[in-house]
Amino acid sequence: MQRENKKTSRREFVQLSGMLGALVAIGMLTEQEALAQQQAWNKAAFETKNLNDTIKALGGAAVAESKDIVLTVPDIAENGAVVPVAIASKIPGTQNIYVMVEKNPNTLAAGFSIPAGTEPTISTRIKMGQTSNVLAVVKSNDQFFVASKEVKVTLGGCGG
Amino acid sequence: MPDPMRIRANALPDGVDVRVLMSHEMETGQRKDGTGNVVPAHFISNVTVVHAGKTVLSAEWGPAISKNPYLQFKFQGGKKGDEVTVTWVDSKGETRTDKATIA
């Protein structure tokens, strides 16, 4: 009887540790996955200096103007270090939204990937070195679309 | 350990509105300090927002994002009481994860 008890507990122990192991394995997997995802930083794209090169670095060929991208930026930014930018895309199947500034040292400021279920609308704040066009680029079905608007900067946000 | 983020997640009729304010220097690598040395770049490069095991937004940032970055977006499928997890990683490999409950 006692022996049987011991057996059960051992079996339970083995089962339990097996489950724990599986849990850890799952945890490790997601952690690694997350890490791999996070380390995907497109260095080449962030080093480009104009729109066409950036599009190429992002894997596109051409970019078309679109009226279906709503880019909201101030006309005049008193402080180039903090320029609010809001981009809303009405293009169906929007996969990515990119924020670019034409005359910054590097064109690309940020890229957002929009999974299904997330609205293709983001707002953030960017730095601008000088008065320049701000570009909202949307990738949909592997095609690139752009909308632009000029922001006058009275005080630069880069250098100093 | 970097300072915590401030995260607001509100359930609205048309989706969950998420606002995140991160605390980060976002050094561009273009600036010079008082002695003329270039201050090395140090900025958040990746941001991931997860809800119920699913990534609802991931972003790659360059140094042109403002200091103490702000991010706002909206996603579908969340409800009151759910948790939203925001993680960032910066160019020096530092990372910070914070959670918020959808209100």
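From the N terminus on, chain A follows the order α-α-α-β-β-β-β-β-β-β-β-β, that is, 3 helices and 9 strands, where helices (H or I, at least four residues) and strands (E, at least two) are DSSP runs numbered from the N terminus. The model is predicted: local features need pLDDT of at least 70 and side-chain atom pairs count only at pLDDT 80 or more, whereas totals for chains, interfaces and linings use all residues. Residues are numbered from 1 along each chain as its sequence is written, and chains are lettered from A and ligands numbered from 1 in the order in which they are written.

Of the 160 residues in chain A, 29% are buried; a residue is buried if 20 or more other C-beta atoms lie within 10 Å of its own, exposed if 12 or fewer, and partly exposed in between, with C-beta atoms placed from the backbone. Contacts are defined by C-beta atoms, placed from the backbone, that lie within 7 Å. Among contacts in chain A between residues at least 6 apart in sequence, 64% join residues at least 24 apart.

At the interface, 32 residues of chain A are in contact with 29 residues of chain B. On the side of chain B that touches chain A, strands S3 (44-51), S4 (54-61) and S5 (70-75) of chain B each supply at least two residues. S4(B) provides the largest share of this side, 7 residues. By residue class, this side of chain B comprises 12 nonpolar, 13 polar and 4 charged residues; Ala, Val, Leu, Ile, Met, Phe, Trp, Tyr, Cys and Pro count as nonpolar, Asp, Glu, Lys and Arg as charged, and the others, Gly among them, as polar.

S4(B) also pairs with strand S6 (residues 108-113) of chain A, in the antiparallel sense and over 4 bridges, pairing being assigned if DSSP finds at least two bridges between two strands. Ser58(B) in S4(B) is the bridge partner of Ser113(A).

Ala110(A) is located in strand S6 of chain A and counts as buried because it has 24 C-beta neighbours inside 10 Å. Leaving aside neighbours within four places in sequence, Ala110(A) is in contact with Tyr98(A), Val99(A) and Thr124(A), and across the interface with Ala59(B), Glu60(B), Trp61(B), Gly62(B) and Ile65(B). Met128(A) is 18 residues from Ala110(A) in sequence, and their C-alpha atoms are 13 Å apart.

The largest nonpolar core (buried Ala, Val, Leu, Ile, Met, Phe, Trp, Tyr and Cys residues joined through C-beta atoms within 7 Å) has 56 residues. Those with the most contacts inside this core are Val99(A), Met100(A), Ala109(A), Ala110(A), Ile126(A), Val137(A) and Ile65(B).

Terms used. Contact = placed C-beta atoms within 7 Å.
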